[in-house]
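Please go through the structure shown below and explain how each descriptive term applied to it is justified. I would like the reasoning set out step by step, with the value placed beside the criterion it has to meet.

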Amino acid sequence: MDIHLNMIRIFNRSILILLFFNVFLLGQIRITNLPYNKTAISDTVSERYPNALEHSLSTGWIIQNGKNEIKTSIPLFFEGTQTLTLSREFTLTEDETEKYNFILKFLCVNNSIEITLNKNLIYKKSGSDIPFEVELPSDILTYNDTNVLSLKIISRTDSDNTIPVKQKFLFAKYPPGILREIYLTQIPKTNISDFDIEYTLDDKLSSANSIIKLNISGASLLPKNVQGKDQYYWNVRLTPKNFSGNEINQSQKTNIVYTENFGESLQFFFANPKLWSPDSPNIYNATISLMVGNQVILRKEKEITFLKLTFSQNKLLLNNSLFTLKGTAYYPKEFNLKANSIQEQLRKDLTLIKRTGFNTVRFAKLLPHPYALDLCKNLGLFALVEMPINSIPEEILEQKYFLLNAENKMREITTYYSNISNSLLFGLGSSYLSNSETTSNFLSILVSSNKSKKYLTYASFLGIQKSPIEGVDLYGIEIYSNNYENVNEKISQSLDDKNISRYFFSEINYPVYSTNSNGYLTKNSAEAQAKYFENFINLSDKNKLSGYFFGSIFDYIGEYASSYAGYSESNLYSLGFLREKPNLNSIVYKVISAKLQSKGKITIPIGNSKEENKLMFIILALILSILMAVLINIKKKFREDCTRALFRPYNFFADIRDHRIISGVHTFILMLIEAGSYALLFSVLFYYLRTNILVEKILISFGIESFIKIFSYLAWNPEKSFLYLSLFFLLKIILISSFVKITSFFAKIKISYSNIFYGLVWAFLPFTLLLPAELILYKLLSITSFNIYIIFALCILFLWIFQRIIKSIHVIFDVKSLAVYFYGILIVLGFCFGVLFYFQMTNSTIYYLTNSFKQYSLMQL
């Protein structure tokens, strides 16, 4: 008894120590600074103010942590807190405040931000991953004195309001913080604030009818009484940037209205513009100047490209020629950089993508850095910019607030990114349920909210969307390790020649788990990935789809742990065909590069298939079976107890209640064998299900990262899984015994803890019957046609064990069985429904669970 009490004291102290350290760690703010770009933003995006001055605000920030001040720099991300407040001081002269407007430019903030200037809240924004600007109010700014700028970052995502939502499947890491640079731009009070060029190329592509939309801020400050020869006029000049050609120069008179904001639309006709294409990315520098005589009053510059991307006669056409999307998803390593700035990394990665032979890049689940689109335009890469919506349940798509958020977000995305480049398509999100009326309604409303649509749109589906959706031009088909033959058959059955070119493979995923193999017969090896990708390229070409995209060119760090993408402590997803350190001599890269550039066939080794079954499963099952057999055959008492416990449980549990001789040693050994059998059963099941997307989506539905983290760790480490699950089984018996003991106080029945403990151990006896089956369980699971019978048998087993636990309690307590069964079932159901209710209220879990099952059925192409 003293030993037992000492163990309880040690256990309680351990729990207190763990809680203390947990609170201590949660109380610590962990800040990670990222490399920052030392150049101005005008060097990274295409629109420029010639007379503007831009200052990087990357340094000089202070975080107040209690009484301590922490100096830091931007970009940064943080952990250990929901909010982070940074402040910075700056000074302005009187002359600067009189002549200039001051604009803060943010390239990316996750998730929400509140901006305070001199203790005045001037701006609030949620979902700040799209670059945005904030003009500092001149009446709050002070000159010849210190101005204090404060930024409060709030990390908050939920399951049915924010975009993206809390449940993220295969999303790249996206931590809270100010994730890209901040710039302070000072612009003359009179400036050209808007400079948009919209054009229509004629059928022969020989001329562009253009409308230039302009807005002058501070027009009231322009010189007045300008007349006659010196009348104001606009001059537009298009100068070739990266090719040899003629400059286009045109002028048009204007009548300035001297108001605070003067807007005007001008029409120009450009003859024989050089067209942009992936093979010839011709770019013009466009300059708009407000002039009087030969004097330039105002000027603004931007880059422009001329191209015509249309869907005509059921074909995707670029400049009137058939165009096939040959692309890959790209997840920049923005939040894992140590030395290079993001600009250097983007230039390096996108250049490699172009050199490989791709003509398109898909920025999936994460909005790109503006410099990435600028690079794509210069390199000759189409960009697919996509709203970060993925796997949203129909119940949430129907909610007005979510729809409103999505409409606003889509408008922001199209407005901002189309101003940088027009060589792009806009995505409405991914992993939608195909052929769903709710999904179709949501997407059509989303498209219609952007009434001035001048671009092609697409949406990515699980399954094949058969009926057209108003406003959606292209339909993506997502592939997750699907059987190539099944996909081919499904496409042939579902699509006809008239509409097949509206479809493309939006992501082809095939993770690599085995790095040591000799051929593609080894599942999930590099060779198998090469063969898989080659087959789908051929399938796309054969069926004349609009193109294909691979899941990722590089392996990347994910938001959640993933079992399907391969377990890694750092959440590294092994979905790319290039590892973290790219090997351009790898078989996958050579196969894809050869296919893209039509260099001929690369031979992929066949090799030999490898057995996936772990030898440890067989060894452990043998050891435990032999131990059980030896005990039964050597110890007559143990054999008799096992027989009575299985076939006459009422009498056996009555013996425990009446303190008849039950060997404590036998009970302890039986408990260890049961723990081993239990652990082995779930280790085999977890290992078999480690690549099952449904299991991963079910766990993600709860919105708790640790759920999928624990499962992924146990599934990919069966040796450790066996150990931890054995300990879990032992702990479970102790906890259930303790719970039953507590209930005895309410029932006013005096029962010893040892009787309850012995009864529960012997109630779990059926687990030992599984040992022979566990020898071949993985083999049986691999024969998928047996799985339904295995599930049925396991359900019967667990119901049997539950019945034995209830029987042991009612016999040992010596109470009516009906009451124990009623309360036992009530407790189990109450616990299950209580957990589901909690997670439904906090994370809409039931919606995501039902959506997961719908998605999984659609994945089986």
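**Reasoning from values to terms**

In this chain, 74% of the contacts with a separation of 6 or more are between residues 24 or more positions apart. The model is a predicted one.

Q: What describes the chain as a whole, in terms of helices, strands and span along the principal axes?
A: The chain has 23 helices and 35 strands, and its C-alpha trace spans about 120 × 65 × 45 Å along the principal axes. Of the 861 residues, 53% are buried, a term that requires a relative accessible area under 20%. The accessible surface comes to about 39400 Å², and carbon and sulfur atoms account for 57% of that surface.

Q: Why is Lys241 called partly exposed?
A: The relative accessible area of Lys241 is 36%, and partly exposed covers the values between the limit for buried, under 20%, and the limit for exposed, over 50%; Lys241 is therefore partly exposed. This residue lies in the loop between β17 (232-240) and β18 (248-253).

Q: What makes the pair Lys241 and Asn378 a polar contact?
A: The side chains of Lys241 and Asn378 are joined at 2.8 Å, and a polar contact calls for a pair of N or O atoms within 3.5 Å, so the distance meets the cut-off. Asn378 also appears among the contacts of Lys241 once neighbours within four places in sequence are left aside, together with Ile283, Tyr284, Asn285 and Glu303. As for Ile304, 63 residues apart from Lys241 along the chain, the two C-alpha atoms are separated by 9.8 Å.

Q: How do you know whether Ser436 counts as buried or exposed?
A: Ser436 has a relative accessibility of 6%, and buried means under 20%, so Ser436 counts as buried. Its place is in the loop between β29 (432-433) and α7 (437-448). A polar atom of the side chain of Ser436 lies 3.2 Å from the backbone nitrogen of Thr439, and, neighbours within four places in sequence aside, Ser436 is in contact with Glu394 and Gln465.

Q: Which values stand behind the description of the peptide bonds from Ile74 to Pro75 and between Asn110 and Asn111 as cis?
A: For the bond from Ile74 to Pro75, omega is near 10 degrees, and for the bond that joins Asn110 and Asn111, omega is about 15 degrees; each of these bonds is given as cis. Pro75 is found in the loop between β4 (68-72) and β5 (76-79), while Asn111 has its place in the loop between β8 (109-110) and β9 (112-117).

Q: What makes phi of Asn319 and phi of Ser598 worth noting?
A: Phi of Asn319 is near 55 degrees and phi of Ser598 is near 50 degrees, and each is a positive value in a residue other than glycine. Asn319 is found in the loop between β23 (315-318) and β24 (321-322), and Ser598 in the loop between α10 (587-596) and α11 (615-634).

Q: Why is Asn319 called buried, and why is Ser598 called exposed?
A: The relative accessible area of Asn319 is 13%, which falls under the 20% limit, so Asn319 is buried. Ser598 has 67% relative accessibility, which is over 50%, and Ser598 therefore counts as exposed.

Q: How do you know that Glu611 is exposed?
A: Glu611 has a relative accessible area of 52%, and exposed means over 50%, so Glu611 meets the criterion. Glu611 lies in the loop between α10 and α11, and its C-alpha atom is separated by 9.8 Å from that of Lys779, 168 residues apart along the chain.

Q: What is known of the cavities, and which residues line the largest one?
A: A search of the whole structure finds four cavities of 30 Å³ or more, and the largest holds about 90 Å³ of space. Its lining consists of Gln167, Lys168, Phe169, Ser391, Lys697, Ile700, Ser701, Tyr848, Asn851, Ser852 and Gln855. These lining residues divide into three nonpolar, six polar and two charged.

Q: Which helix gives the most to the lining of the largest cavity?
A: At least two lining residues each come from α15 (693-700) and α23 (845-859), and α23 gives the most, with four residues.

Methods. Residues are numbered from 1 along each chain as its sequence is written. This is a predicted model: local features need pLDDT of at least 70, side-chain atom pairs count only at pLDDT 80 or more; totals for chains, interfaces and linings use all residues. Side-chain values use heavy atoms; hydrogens and water are left out. On a 1 Å grid over the protein atoms alone, a cavity is a set of points where a 1.4 Å probe fits but cannot get out, and a pocket is an open set with protein on both sides within 12 Å along at least five of seven lines; lining residues have an atom within 4 Å of a point. Grid points are joined across faces, edges and corners, and a volume is the space filled by probe spheres set on the points. Ala, Val, Leu, Ile, Met, Phe, Trp, Tyr, Cys and Pro count as nonpolar, Asp, Glu, Lys and Arg as charged, and the others, Gly among them, as polar. Buried means under 20% relative accessible area, exposed over 50%, partly exposed in between (1.4 Å probe, protein chains only). Contact means heavy atoms within 4.5 Å. Accessible areas come from the Shrake-Rupley method with a 1.4 Å probe; for residues, only the protein chains shown count as cover. A polar contact is a pair of N or O atoms within 3.5 Å; within protein, one must be able to donate a hydrogen and the other to accept it, and residues adjacent in sequence count only if both atoms are side-chain atoms.
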